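With the model open in your viewer, please follow the selections below in order, keeping the side chains switched on as you go.

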Amino acid sequence: MVLLSSCPSSSHLPNSYQNCPNIFHRPSSRGFRLLRPVGSASDVYAPCRIDKSALLVAETVSEDELWAAARLRVRSFYDFDPSSFGIQDHKMYLAEREFEALKERMAGQRTGFRRVSCINATLPLSQLSSLFDDLCTECKFTDDGEHRVVVGSLDINQCLKLPEEITGMRPEGIGADFARAYLSNVCVAKELQRNGLGYELISKSKIVAQDGGISDLYVHVAINNEPAKKLYMKSGFIYENDEPAWQARFLDRPRRLLLWFGLPGTQNYTIVQ
């Protein structure tokens, strides 16, 4: 399953990286992150079923786990050329940048973000170590003495709007920034897709959002990303708006849809298209 979601942290590259197309395939001059195309040779993995009794989906509390989530996002949102020189250094640079930006957002140090939560899906290292060396090496962390691996991640952003994205319409009026939130950076390790991990992440995000006083939850998705749209609609999200074609061209990216979910206790509306 290939997921695409907007990213609130700045993803612009420094000038020294702008002219290095062989290091990794930059998704956009504006810095929005895209996964590599579905079905490429490097994305083909034999089906692997996990033991969900050992799965934990929870809000991140430790920096060790945040770092593992940042590493997962880099390997999910960037397509690297394996023949390039210094690829590990570039991966580390991108992970460090995401890690620092994530810490700032969660600490309330980014203007416009009232609260940001990172939700991760994790599995014991012992369940994966014999199958996926790269994933375990890059995305492992220690929790209360147990070695675990981050296999899925997303952010809940409590704010009026995300930069360069369509803005949700609900709720209206004073206090909307308290009750509106957006999901972003939604990703699942490519080795473990089709295990329902995306659905588990979104289900947990609804609980965390509702506990935080959120009434209206949004997510942006590329208009041509059918697997992601199916996931969100299966999770109860419905269409609210779509990005104008001129804006997508200006930002050099596929057009996005804005999907909405009304958390229990709020009035649900039907959007007339």
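Select strand S8, residues 216–222, in this predicted model; 7 of its 7 residues are buried, so the strand is mostly covered. Turning the view along S8, you will find Asp216, Tyr218, His220 and Ala222 pointing one way, while Leu217, Val219 and Val221 point the other way, and all of these are buried.

Add strand S7, residues 180–188, to the selection: S7 and S8 pair in the parallel sense over 4 bridges, and Leu183 is the residue that stands opposite Val219 in S8. If you then show helix H7, residues 197–211, you have the three elements S7, H7 and S8, which make a right-handed β-α-β unit.

Now bring in strand S10, residues 256–262, which pairs with S8 in the antiparallel sense over 7 bridges. Two places to centre on are Leu217, which stands opposite Phe261 in S10, and His220, whose bridge partner in S10 is Leu258. Is S10 itself buried or exposed? Of its 7 residues, 7 are buried, so S10 is largely enclosed by the rest of the structure. Arg256, Leu258, Trp260 and Gly262 point one way from S10, whereas Leu257, Leu259 and Phe261 point the other way, and all are buried. Strand S9, residues 238–242, also pairs with S10, in the antiparallel sense and over 4 bridges; here Leu258 is the bridge partner of Asn241.

Next, hide the strands and colour the nonpolar side chains. The largest nonpolar core has 59 residues, of which Leu135, Val151, Ile156, Leu183, Leu192, Tyr232 and Phe237 touch the most other members. Helix H2, residues 63–77, supplies the largest share of this core, namely 7 residues. Apart from that core lies another one, of 9 residues, among them Val116, Ile166, Tyr218 and Leu258. Selecting Ile156 and its surroundings, and leaving aside residues up to four places away in sequence, you will find contacts that include Arg115, Val116, Leu183, Val208 and Leu217.

Turn then to the charged side chains, for which the count comes to 19 salt bridges. Glu200 and Lys52 meet in one of them, at 3.8 Å from N to O; the pair links distant parts of the chain, with Glu200 in helix H7 and Lys52 in the loop between strands S1 and S2, 148 residues apart. The relative accessible area of Glu200 is 30%, so this residue counts as partly exposed, and Lys52, at 35%, is partly exposed as well. A second salt bridge to select joins Glu59 and Arg115 at 3.2 Å, N to O, which brings together strand S2 and strand S4 across 56 residues of sequence. Within helix H3, residues 87–106, Glu100 and Lys103 lie 3 residues apart, about one turn of the helix, and they form a salt bridge whose closest N and O atoms are 3.6 Å apart. Finally, select Arg73, Glu98, Arg105 and Asp155 together, which salt bridges with shared partners join into one network.

Before leaving, colour the chain by pLDDT, which averages 82, with 79% of the residues scoring at least 70. Which stretches call for caution? The value stays under 50 over residues 6–42, for which the model has 90 contacts beyond four places in sequence, and over residues 267–273, for which the model has 11 such contacts. Where pLDDT is low, the predicted coordinates should not be read in detail.

Conventions
Residues numbered from 1 in each chain as written. Predicted model: local features only at pLDDT ≥ 70, side-chain atom pairs only at ≥ 80, totals over all residues. Heavy atoms only, no water. Buried < 20%, exposed > 50% of the residue type's maximum accessible area, 1.4 Å probe, protein only. Pairing = 2+ DSSP bridges. Right-handed = clockwise from strand over helix to strand, strands pointing away. Core = buried A, V, L, I, M, F, W, Y, C linked by side-chain atoms within 4.5 Å. Contact = heavy atoms within 4.5 Å. pLDDT = per-residue confidence, 0-100. Salt bridge = Lys/Arg side-chain N within 4 Å of Asp/Glu carboxyl O.
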